[in-house]
Amino acid sequence: MKKDFYEILGITKSASPEEIKKAYRKKAIEFHPDKNPGNATAEENFKLCAEAYEVLSDPNKKAKYDQYGHQAFDGAGGFGGGGHMNMDDIFSQFGDIFGSAFGGGGFGGNSGGQRRVKGSNLRIKVKLTLEEVANGVEKKVKVKRKIQAPGVRYKTCSSCNGQGQVLRVTNTILGRMQTATTCPTCGGAGQTIESKPNNADAYGMILEDETVSIKIPAGVVDGMQLKVSGKGNDAPGNGIAGDLIVAIEELEHEFLKREGENLHYDLYISYPEAALGVSKEIEAVNGKVRIKLEEGIQSGKILRLKGKGIPSLNSYGSGDLLVHVNVWTPKTLNKEQRQFFEKSLNDDNFIPHPEKSDKSFFEKVKDMFS
């Protein structure tokens, strides 16, 4: 059973954002790998603290956690929580909280206080069908990313002694001021190339195609971005690989229209079918569904099929499938058909008699969005 995030940081649910940040800093310093070298328990506690802070420092994630607990994030494939964090994630995301608490290189994640430069991110677009959106899918994509060339060797930068930063002292009217800037020699990596193969670039990198597996959870929306940690470009030396940012593009379905977690389907039936009633097979995201229309059904009737829509991302249940019934009016009639309808013009049974329970068009639209 997962430990409560508030308990991990030693705070209550009423803690302010500043109190949450302060509690995380205190706990993370206590369990930081630089203070506990080789201690697996401390490293695990360090990760738990970062996971708790990632959720509780975000108002939206905190609200979901307060309402649903850990289940709000289970299976979300990288949407906060769920134990997905690794040490490189923590160092790159939350280093600014610690300042210079661990030496001149700041919060770098190794015992030498050396800065770890992160490689650049890569971005791709993945197209999904509505069925894939509804059920979740694992996609394999080919990515061209920069990696360190085999045989490349790095050495500690002589300009910054591996810190990635150089200190500059400036005389001002307020006295001598010291500032740290990125080392111009190594670009902040803390290392320079000692030797490299001929096919490598100036940073010792080569391009390589790699097939990356991406697990996409059910319920994603068009334009959403997912992150695959460590599958961007490598960084020189002992740097951290960047991330692969995956943008979701939802393909249009032939019959179904999406509105949030609900789906809409236009069902067209004939006059005889509307008058006599009929059984119809319609499209749904998980196959076809058979529905029965009662005799005398009116055009504009909306049938709601519970739970046949899109699953809700990070929460429970699914949306509904709304079937819009449209009675199709023939555009041309033969002689017998015309005679039948002409006889029916004055038939009381064919004169509209809407009941009070029959909702108007505007009431139906209002119900759809309520």
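**Exercise 1.** In this predicted model, work out the order of the strands in the open sheet and name the edge strands.

*Solution.*
Step 1. Count the strands: the open sheet has 4.
Step 2. Read across the sheet: the order is β10-β11-β15-β14.
Step 3. Check the directions: the pairing is mixed.
Step 4. Look for strands that pair on one side only: these are β10 (256-259) and β14 (302-305), the edge strands.
Step 5. Add the twist. On average, neighbouring strands are turned by 25° against each other, direction ignored.

**Exercise 2.** Describe how β10 meets β11, and find the bridge partners of Lys 257 and Arg 258.

*Solution.*
Step 1. Take the sense of the pair. Strand β11 covers residues 262-269, and it pairs with β10 in the antiparallel sense.
Step 2. Count the bridges: there are 4.
Step 3. Place the partners. Lys 257 is bridged to His 264 of β11. Arg 258 is bridged to Leu 263 of β11.
Step 4. Inspect the connection. β10 and β11 form a hairpin, with 2 residues between them. In the turn, Gly 260 has a positive phi of about 65°.

**Exercise 3.** Follow β11 to β15, then decide whether β11 is largely enclosed or not, and why.

*Solution.*
Step 1. Find β15 at residues 321-327.
Step 2. Compare directions: β11 and β15 run parallel, joined by 7 bridges.
Step 3. Pick one bridge: Leu 267 has Val 325 of β15 as its partner.
Step 4. Apply the cut-off: buried means under 20% relative accessible area.
Step 5. Conclude. Of the 8 residues of β11, 6 are buried, so the strand is largely enclosed by the rest of the structure.

How values were computed
Residues are numbered from 1 along each chain as its sequence is written. This is a predicted model: local features need pLDDT of at least 70, side-chain atom pairs count only at pLDDT 80 or more; totals for chains, interfaces and linings use all residues. Side-chain values use heavy atoms; hydrogens and water are left out. Two strands pair if DSSP finds at least two bridges between them. Axes are lines fitted to C-alpha atoms, for helices over the stretch in contact, and angles run from 0 to 180 degrees between N-to-C directions. Buried means under 20% relative accessible area, exposed over 50%, partly exposed in between (1.4 Å probe, protein chains only).
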